[in-house]
Amino acid sequence: VQVQKAEHEKALQEQLEYAIARLMQRHNANLEFLRDKNEQQKRHTNAAIDQQLMQSELDLQVKHTEQMMMLTTAANQRKFELETQASALAMEYNVRRTQEE
């Protein structure tokens, strides 16, 4: 009876150890799956953030280019106005000088 009891306890212990090992395997597989899924989500999120950054940079560059063009246009217009005014003043001066002579 003692031998049978010891064999039965040993069999139960082996079954327990086997069940624990399988449970640990499943647990580790689930952890690995979750971690892989998390890494995939991180990559996806980072890619989306990078895309948003690139779009924001592009929008900023377009705005900067537009502002530079407006500034250059305004400067050229002002330069033209000053040159026109200077020419008119020079002609007026020459006309007066000629009249005074």
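**A chat about Ile20 and its helix**

Biologist: What does Ile20 count as, in terms of relative accessibility?
Modeller: Ile20 counts as partly exposed, at 45% relative accessibility. Buried means under 20% relative accessible area, exposed over 50%, and partly exposed in between (1.4 Å probe, protein chains only). This is a predicted model, where local features need pLDDT of at least 70 and side-chain atom pairs count only at pLDDT 80 or more, while totals for chains, interfaces and linings use all residues. Residues are numbered from 1 along each chain as its sequence is written, and side-chain values use heavy atoms, leaving out hydrogens and water.

Biologist: Where is Ile20 found?
Modeller: In helix α1, residues 2–100. The chain has one helix and zero strands; these are DSSP runs (H or I, at least four residues, for helices; E, at least two, for strands), numbered from the N terminus.

Biologist: Which residues form a nonpolar patch with Ile20?
Modeller: Leu16 and Met24 join Ile20 in a surface patch with about 280 Å² of accessible area together. Patch members have over 30% relative accessible area and no salt bridge; nonpolar side chains (Val, Leu, Ile, Met, Phe, Trp, Tyr) are joined within 5 Å, like charges within 9 Å. Areas come from the Shrake-Rupley method with a 1.4 Å probe, and for residues only the protein chains shown count as cover.

Biologist: Changing topic, what box do the C-alpha atoms fill?
Modeller: Roughly 145 × 10 × 5 Å along the principal axes. The radius of gyration is 43 Å, where a compact globule of 101 residues would have one near 13 Å. That radius is taken over C-alpha atoms, and the globule rule is 2.2 Å times the number of residues to the power 0.38.

Biologist: And what share of the residues is buried?
Modeller: 0% of the 101 residues.

Biologist: How far apart are Ala74 and Met54 in space?
Modeller: 30 Å, C-alpha to C-alpha, with their positions 20 residues apart in sequence. Ala90 and Leu71 are 19 residues apart along the chain, and their C-alpha atoms are separated by 28 Å.

Biologist: How many salt bridges does a search of the whole structure find?
Modeller: Four, counting a side-chain nitrogen of Lys or Arg within 4 Å of a carboxyl oxygen of Asp or Glu. One of them pairs Glu92 with Arg96, closest N and O atoms 3.0 Å apart.

Biologist: How are Glu92 and Arg96 placed in helix α1?
Modeller: They are separated by about one helical turn, because they are four residues apart in helix α1. Glu92 is partly exposed, at 38%.

Biologist: Which residue does Glu101 bridge to?
Modeller: Arg97, with the closest N and O atoms 3.8 Å apart. Glu101 is exposed, at 72% relative accessible area, whereas Arg97 is partly exposed, at 42%.
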